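Please open the model in your viewer and keep the sequence panel visible. The tour below proceeds by selection, stating at each stop what is to be found there.

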Amino acid sequence: MGSPSGQSHVNRTAEFDLSAYLKQCGRIVDDGLNRLLPPAKTKPKTLHESMRYSIFAGGKRLRPVLCLAAAEACRGDVEAALPLACAVECIHTYSLIHDDLPAMDDDDLRRGNPTNHKVYGEGIAILAGDALLTHAFELAAGCDGWPRYNHQAIVREIASASGSLQLIAGQVADLEGEGAGLSQAGLRYIHERKTSALLCCSVRLGGMSANCTPRELKALTDFGYHVGLAFQVIDDILDVTQSTEKLGKTAGKDQAVDKATYPSIVGMKKSRAIARRLTAKAFEALSSFPKKRAAPLNALAEYLLNRDH
Ligand code: GRG
């Protein structure tokens, strides 16, 4: 596998055109979401407009793209994975809408636009989040399942990643950890749940939609776990180093609310080294996949490590 930040990463992904891939998958995901969400004019109109406002506000679509790339890595096809890719984007968007509420992070800006509650009011924003979460389960329930992963396994996968032991546990620990002087282990607990759980679930669902083998699923799980952790370490770094304009959300927020982050606990240099190490572990997880099939996932991991927003 080689060093965490060396030539081997470059070789692994150099011939792959990630920018074209992101564009192509982004279009597919946008079309899928447009088709799979109730039209904006559906009654109650304000609710459906509000759901669509946040869904189409310009997110990076990382989770759905990871889902499609994982399906591809396991010889699956986009059509089978797409409803699940859209389901994880619905859950992700719900979590952002609720996270931005005054009772949580109280933010005015998300994806470069006013937050949902700033446009539609708190009541509708809460309900839009609820409706997106519920819609994700409707999409999952619409999947027939695959020989190794039945319909029930797919629904359970999404429920467990977004439930009280994972995504919501992370958010609770995050809220309770503000100003509490967390240890690095405490911070890792939050990152595993708040960020890595849904990223990992996205990758696993892609594999499941391709009826992947248990060995492939284990590899995808290791990959998703490490990419998810690296993603959050980088997110912590960007909160300090980038502008609000660049991020499309309020920069410097972590320090303002005395939130523990990797830079605040171990410093910037060590944080970057940790992100590189985690990404190297993600690459390693896919070492048994044919290079060509793993190229999109590896390129995404590298992109997430080097991203500036
Ligand atoms: C259950 C309310 C609730 C929250 C769960 C996910 C979460 C916890 C809170 C959202 C805010 C946050 C800091 C999440 C950590 C993961 C993260 C950095 C999300 C932002 O993801 P990007 O950068 O966003 O992929 P875009 O807008 O590009 O989709």
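Does D106 count as buried, partly exposed or exposed, and at what relative accessibility? D106 counts as partly exposed because its relative accessibility is 43%; buried means under 20% relative accessible area, exposed over 50%, and partly exposed in between, with a 1.4 Å probe and protein chains only. Select D106 in the loop between α5 and β1 (109-110). Its phi is near 50°, a positive value in a residue other than glycine.

Before the next selection, some conventions apply. This is a predicted model in which local features need pLDDT of at least 70 and side-chain atom pairs count only at pLDDT 80 or more, while totals for chains, interfaces and linings use all residues. Residues are numbered from 1 along each chain as its sequence is written, and side-chain values use heavy atoms, with hydrogens and water left out.

**The whole chain**

Display the full protein as a cartoon: its secondary structure comprises 16 helices and two strands. Helices (H or I, at least four residues) and strands (E, at least two) are DSSP runs, numbered from the N terminus. The radius of gyration is 18 Å, close to the 19 Å that the globule rule gives for 309 residues, so the protein is as compact as a globular protein of that length. This radius is taken over C-alpha atoms, and the rule is 2.2 Å times the number of residues to the power 0.38. Along the principal axes, the C-alpha atoms fill a box of roughly 50 × 45 × 35 Å.

Of the 309 residues, 52% count as buried. Among contacts (heavy atoms within 4.5 Å) between residues at least 6 apart in sequence, 74% join residues at least 24 apart.

**Helix α3 and its approach**

Next, select K43 and P44, which are joined by a cis peptide bond with omega about 0°. P44 is placed in the loop between α2 and α3.

Move on to helix α3 (residues 45-55), where the buried residues are L47, H48, S50, M51, R52, S54 and I55. Their cover includes α2 (18-36), α5 (78-99), α6 (116-120) and α7 (122-141).

In the same view, show the side chains of E49 and K45, which meet in a salt bridge (3.4 Å, N to O). A salt bridge is a side-chain nitrogen of Lys or Arg within 4 Å of a carboxyl oxygen of Asp or Glu. Because E49 and K45 are four residues apart in helix α3, about one helical turn separates them. E49 is partly exposed at 29% relative accessible area, and K45 is partly exposed at 45%.

**Salt bridges across the chain**

By this rule, the count comes to 18 salt bridges. Select D30 and R61, whose side chains meet at 2.8 Å, N to O. This pair links distant parts of the chain: D30 belongs to helix α2 and R61 to the loop between α3 and α4 (62-73), 31 residues apart. R61 is buried, with a relative accessible area of 7%, whereas D30 counts as partly exposed at 30%. Add E89 and R111 to the selection to see the network of salt bridges that links D30, R61, E89 and R111.

Then select K246 and D308, which form a salt bridge with their closest N and O atoms 3.3 Å apart. K246 lies in helix α12 (residues 244-247) and D308 in the segment after α16 (291-306), 62 residues apart.

**Last stop**

Finish at D258, in the loop between α13 (253-256) and α14 (262-266). Its phi is near 55°, a positive value in a residue other than glycine.
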